Amino acid sequence: MTSQTHGISKTKYDKASLISEIKRLKRQHDALIVAHNYQIPEIQDLADYVGDSLGLSRQSALSDKKIIVFCGVHFMAETAAIFSPEKMILIPDLQAGCSLAASIDVSELKKWKKKYPDAVVVSYVNTSVEVKAESDYCCTSTNAVDIVNAIPKEKRILFIPDMFLGQYVAKITGRDIIIYPGECHVHARVRFSDMQKKIQHYPNSDFLIHPECGCVTNCMHHLASGDLDANSTYILSTGGMVKHAKKSNKKQFVVATEVGMLYPLRKENPEKEFIPLRSDMICEYMKMINLPKLRDSLKYLQYQVKVEKKVATKAYVPIRRMYEISKIKK
Ligand code: SF4
């Protein structure tokens, strides 16, 4: 009992001292900390900005700070480096990768392009900078449908790397899309039967489903046939989930994405209840970043993510096209 109590107080002491050290180092280096929605709560609480991957890159570019500590996964920090080549972009753990981004590399994409030479390549932002540099357009889960709709109708599209998002976009747009069979191991495990179970338990909830989820095409089929209630089932990006939860009159939400997302949803809406569709939707890459690693990142200015200028310039083209289309939509 004594040692347990001692252990708890020691952890609390360490955590508190780590937090104050991080704050001190952040001031000393005049750094900006940005954190993805899937990061652990302690990291989200220390961040100047919490959001999705492109939101974080945009905030990093808009900031006047020269040192950015990017608490997310590697491809996201690379995107920030493309946006802000003059800044020092740090990631606290270089091993923080992404199974979805790793599902296609540039040699695989080049082979695919050879096979379909007239096709237009649309790549989800969860890709490496080299893959982006070989793409025609980038997209996010929020704007993927708009991007595909903006491409001339007669063009065939290669959609990489997320097959569930690709299937979702193909269904909505009715376009001829060749979909790369990549997936995120966290979202892919979601089954329609998970939805059915939660609907039975929480019949008055709204269901917020990320389009990377393995159940998304099934959900769309059931929405179209009326088996799923279109007034309580929403396929949304993480940013869309935050907006929906804020404006909805519902008090209860079942959330189908990485469980870290529950923290910003609960923080923004303390009077509402958020339930994970599956409590094992945990991205181990996102959870690699913790307080000691964030402290070390600021203390030793490690690990800097650099992108070669030539590749960055090429990779910025599909990103810029995505923004141009998104602006037109606004
Ligand atoms: S949740 Fe999936 S897509 Fe997101 S960083 Fe983790 S592995 Fe990549």
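Let's start with helix α4, residues 74–83: ten of its ten residues are buried, so this helix is largely enclosed by the rest of the structure. Its buried members include His74, Phe75, Met76, Glu78 and Phe83. Keep in mind as you look around that this is a predicted model.

**A strand in the interior**

Strand β1 tells a similar story. Which residues does strand β1 cover, and how many of them are buried? The strand covers residues 31–36, and six of the six are buried, so β1 is largely enclosed by the rest of the structure. In a regular strand, side chains alternate between the two faces of the sheet. You can follow two sets of side chains along β1: Ala31, Ile33 and Ala35 point one way, while Leu32, Val34 and His36 point the other way. Both sets are buried.

Now look at the strands that pair with β1. The table sets out two pairings.

| Strand pair | Sense | Bridges | One bridge pair |
|---|---|---|---|
| β1 and β3 (residues 67–71) | parallel | five bridges | Ile33 and Val69 |
| β1 and β2 | parallel | three bridges | Ala35 and Val50 |

Between β1 and β2 you will also meet a helix: β1, α2 and β2 make a right-handed β-α-β unit.

**Domains and their contact**

Next, step back to the whole chain. The domain assignment gives domain 1 as 2–96 + 286–306, domain 2 as 101–183 and domain 3 as 186–276. How far apart do the C-alpha centres of domain 1 and domain 3 lie? They lie 28 Å apart. Domain 1 gives eleven residues to the contact between these two domains, and domain 3 gives eight residues. On the side of domain 1 that touches domain 3, the elements giving two or more residues are α2 (41–46) and β2 (49–51). You have just met both of these in the β-α-β unit with β1. By class, this side of domain 1 has five nonpolar, five polar and one charged residues.

**Around the ligand**

Finally, turn to the ligand. Which residues surround the ligand? Val73, Cys98, Ser99, Leu100, Asn126, Cys184, Val186, His187, Glu258, Cys283, Tyr285 and Met286 do. Sorted by class, this shell holds eight nonpolar, three polar and one charged residues. If you match these names to the domain bounds, Val73 and Met286 fall in domain 1, Asn126 in domain 2, and Val186, His187 and Glu258 in domain 3.

How values were computed. Residues numbered from 1 in each chain as written. Predicted model: local features only at pLDDT ≥ 70, side-chain atom pairs only at ≥ 80, totals over all residues. Near = placed C-beta within 6 Å. Nonpolar A, V, L, I, M, F, W, Y, C, P; charged D, E, K, R; others polar. Domains from an automatic or database assignment. Contact = placed C-beta atoms within 7 Å. Helix = DSSP H or I, 4+ residues; strand = E, 2+ residues; numbered from the N terminus. Buried ≥ 20, exposed ≤ 12 C-beta atoms within 10 Å, placed from the backbone. Pairing = 2+ DSSP bridges. Right-handed = clockwise from strand over helix to strand, strands pointing away.
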